[in-house]
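Colleague: I would like to learn how to read strand pairing, burial and helix packing from a model. Could we go through one together?
Modeller: Yes, please put it on the screen.

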Amino acid sequence: PTDQTVGITPVWKTGVVKVAWLHVAPVKGLGIESRDYIELGPSGVEDDRRFCVVGDDGHVLNGKRLGPLTTIGAHFDPATHQLQLRMANDVLVGGRVSIGAPIVVEIHGHGASGHLVEGPWTAALSEQLGLPIRLVRLDGPGYGHDRADAGASVTLLSRASLERLAEEAGVEGPVDPRRFRMLIGIDGAAAHDEDGWIGRRVRVGEAVVVPGGNVGRCRVTTLDPDTGMRDLQTLDVLARYRHDVPSSEPLAFGVWARVERAGLIALGDDIAVETDA
């Protein structure tokens, strides 16, 4: 079909490539929430990484600094402004979000504006994690992404890449994709096919995204998402079998992308890559 965003008729490489998962994190660093569909806007999914938690130094906290964060579940409804956290022993802490004083949060080298959140969540998080925690609502969608300054609000990773990682690590069974906290999973592509999509337009459901680079991995990927404990040496494995792969970031696994055309994406939707033909 003609793509009205560029005024040309692109040629798409189609096949059996589909959306395998849709994962968001309403609170950056907390547990992953699976979705059946997402509405991808110009800055990503509206409630993905819309909140974050910070320590006394104003820097964002994540699994690298505080592994147990990944065990806390979160759900946010932008329509009603209701935020619910699932704490230890399935204790639920929720309510309507009310914001207080402004704050600028340091997120991997860039400052993101937000406001402190008033309500029961700060006390519950501080009690469970054993140190003072403040919950912040960031002022706009996309502000909580690590590469927000590059407009990168989408990430993609294939199941085949996870299977290759498991093979290289010598582990049985699949590697949990939640370790890598990627928005869109890919079924039907070969291992690391997504590396070759960088610079090309990719149609996912109704949306079109343009991968701009690799995602460099960190210690968060070594943690079991359910326990927050280190149980898989992902970085060592990637350093061994991906060390000679040209990439925009070290220990590359998956790609990040910018949104060119917003739209609805659902599980099982087709994924097609624009070709040169």
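Colleague: Which residue in β18 does Tyr37 stand opposite?
Modeller: Keep in mind that this model is predicted. Tyr37 has Ala266 across from it in β18. That position belongs to a wider pairing, in which β4, residues 37-41, and β18 are joined by four bridges in the antiparallel sense.

Colleague: In what order do the strands of that sheet lie?
Modeller: The order is β5-β4-β18, an open sheet of three strands with antiparallel pairing. β5 (44-45) and β18 (263-266) each have a single partner strand, so they stand at the edges, and one side of each has no neighbour in the sheet.

Colleague: How do side chains sit along a strand in general?
Modeller: In a regular strand they alternate between the two faces of the sheet.

Colleague: Which residue is the bridge partner of Phe51 in β12?
Modeller: Phe51 is partnered with Arg137. The strands concerned are β6 (residues 51-54) and β12 (residues 134-138), which run antiparallel and share four bridges. Arg137 of β12 also has His115 standing opposite. As for β11 (residues 110-118), its pairing with β12 is antiparallel too, over three bridges.

Colleague: Now a loop residue. Is Thr221 buried or exposed, and why?
Modeller: The test is relative accessible area, and under 20% means buried. Thr221 has 1% relative accessibility, so it counts as buried. Its place is the loop between β16 (207-216) and α3 (234-241).

Colleague: With which side chain does the side chain of Thr221 make a polar contact?
Modeller: With that of Thr234, at 2.6 Å. In addition, a polar atom of the Thr221 side chain lies 2.9 Å from the backbone oxygen of Cys218. Leaving out residues up to four places away in sequence, Thr221 touches Arg179, Phe180, Leu232, Thr234 and Leu235.

Colleague: At what angle do α2 and α3 pack?
Modeller: The angle between α2 (residues 159-169) and α3 is about 95 degrees, and their axes are 10 Å apart. Angles of 65 to 115 degrees count as roughly perpendicular, and the two helices are therefore described that way. On the α2 side, the contact is made by Ser161, Arg164, Leu165, Glu168 and Ala169. On the α3 side, Thr234, Val237, Leu238, Arg240 and Tyr241 take part.

Colleague: How many nonpolar, polar and charged residues does the contact of α2 with α3 have?
Modeller: Five are nonpolar, two polar and three charged. Thr234 appears in this helix contact, and its side chain is also the polar partner of Thr221.

Definitions and conventions: Residues numbered from 1 in each chain as written. Predicted model: local features only at pLDDT ≥ 70, side-chain atom pairs only at ≥ 80, totals over all residues. Heavy atoms only, no water. Pairing = 2+ DSSP bridges. Buried < 20%, exposed > 50% of the residue type's maximum accessible area, 1.4 Å probe, protein only. Polar contact = N/O pair within 3.5 Å; in protein donor to acceptor, adjacent residues only side chain to side chain. Contact = heavy atoms within 4.5 Å. Axes fitted to C-alpha atoms, helices over the stretch in contact; angles between N-to-C directions. Parallel < 35°, antiparallel > 145°, perpendicular 65-115°, else oblique. Nonpolar A, V, L, I, M, F, W, Y, C, P; charged D, E, K, R; others polar.
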